[in-house]
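Please look through the structure shown here before reading on. The paragraphs after it explain how the chain is built and how some of its side chains are placed.

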Amino acid sequence: MYWHELTSPEIDRLDREIPVVIPLASCEQHGRHLPLFVDTLQIDAILDRVRASLSDEIVVLPTLWLGSSHHHLDFPGTLSVRPKLYAEMIQELARCLLTHGFRRLFFLNGHGGNLVPASHALTDLIVNDERADAAHIALASWWSVASSVMAAETHQMETPRLTHACEYETSLILAIREDLVKLSEITPDHLEKPRVWATDQRWQGKVEGFHRFHRWTSTGHMGRPELASREKGESLLLAVSQAVTVFLRDFRSWPAMEPIRIVE
């Protein structure tokens, strides 16, 4: 079900244990060859397929397309709110749902820059709101939920991992909205610096670095988008959608988190 397609009385009749999915995305540059709405198109396509599988077992909110993307503002077209404001937006969304009595909230993220402010927002919320602490509130990016099914060889990818406007994202948009992809705009003048904290095996997963995007990519994309294909994108989209479906079925069954009595 889509939240925005229901009437107020229909919302009121819903089981308050139904998982409510809040999709998070962005409107930001994705190189010269992809549209600004990549993250939103991807998460909408994933959840279209998830909703078709789960029918009335979940309710999906409209995608929050405005993300925390200030690190992309050096490239034209990016729209963004600062991390502090983004965190407040996430908290207010959660409070609205909690006020209506819903107790299983899953924030499915589609843009890396949203993760830190969203995590901060939800951490702060459970500290200050008893309803939030008593509910099940989860946050994950689709590529994390689906990490076990995203191996490059599974989808005939030639690059090892998802980055930004890369072979993976370009393939996904070819599968979702091929008419918006301009492969001819991928030019040989592209320059990209290695992100040491992400590419050096000594530090991968141990250290995070902080820079705006213009310091490591000249065109806004990363990796090898010219290797993308519609077939790769369709394979990846199916696998990711199935992984998110599996998680949401499990999420509905998570047991209530009653306080543990402190024994003195």
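What follows moves from the whole chain to its charged side chains and then to a single leucine.

The model is a predicted one. Its chain holds nine helices and four strands. Read from the N terminus, these elements follow the order α-β-α-β-α-β-α-α-β-α-α-α-α. The radius of gyration is 19 Å, and the globule rule gives 18 Å for 264 residues, so the chain is as compact as a globular protein of that length. Measured out along the principal axes is not the only way to describe extent, but the C-alpha trace spans about 60 × 40 × 35 Å along them.Burial and contacts describe the inside of the chain. Of its 264 residues, 48% count as buried. Among the contacts in the chain with a separation of 6 or more, 76% are between residues 24 or more positions apart. The surface can be described by its area: the chain exposes about 13700 Å², and carbon and sulfur atoms supply 55% of that area.

Next come the charges. The chain has 26 positive and 35 negative charges, and the mean positions of the two sets are 3 Å apart. Side chains of opposite charge can pair when their charged atoms come close. A search of the whole structure finds 11 salt bridges.

One of these salt bridges joins the side chains of R95 and E92, with an N to O distance of 2.7 Å. Both residues belong to helix α3, which covers residues 83-99. R95 and E92 are three residues apart there, so about one helical turn separates them. R95 is partly exposed, at a relative accessible area of 26%, and E92 is partly exposed as well, at 43%.

Helix α9, residues 230-251, contains another such pair, R230 and E234. Their side chains meet in a salt bridge of 2.9 Å, N to O. R230 and E234 are four residues apart in the helix, so they too are separated by about one helical turn. The relative accessible area of R230 is 32%, which makes it partly exposed. E234 has a relative accessibility of 38% and also counts as partly exposed. Elsewhere, salt bridges that share partners join E17, R103 and R104 into one network.

A further salt bridge links R131 with D129, and the closest N and O atoms of this pair are 2.8 Å apart. Is each partner buried or partly exposed? R131 has a relative accessibility of 37% and counts as partly exposed. D129, at 10% relative accessibility, counts as buried, because buried means under 20% relative accessible area.

The last stop is L47, a residue of helix α2, which runs over residues 38-54. With a relative accessibility of 2%, L47 counts as buried. Which residues is L47 in contact with, leaving aside its neighbours within four places in sequence? They are Y2, V21, P23, V60 and L108. A distance can also be given for L47 and L79: they are 32 residues apart in sequence, and their C-alpha atoms are 23 Å apart in space.

Terms used:
Residues numbered from 1 in each chain as written. Predicted model: local features only at pLDDT ≥ 70, side-chain atom pairs only at ≥ 80, totals over all residues. Heavy atoms only, no water. Helix = DSSP H or I, 4+ residues; strand = E, 2+ residues; numbered from the N terminus. Rg over C-alpha atoms; globule rule 2.2 N^0.38 Å. Buried < 20%, exposed > 50% of the residue type's maximum accessible area, 1.4 Å probe, protein only. Contact = heavy atoms within 4.5 Å. Areas by Shrake-Rupley, 256 points an atom, 1.4 Å probe, with all protein chains shown as cover. Lys, Arg positive; Asp, Glu negative; His and termini not counted. Charge placed at Lys NZ, Arg CZ, Asp CG, Glu CD. Salt bridge = Lys/Arg side-chain N within 4 Å of Asp/Glu carboxyl O.
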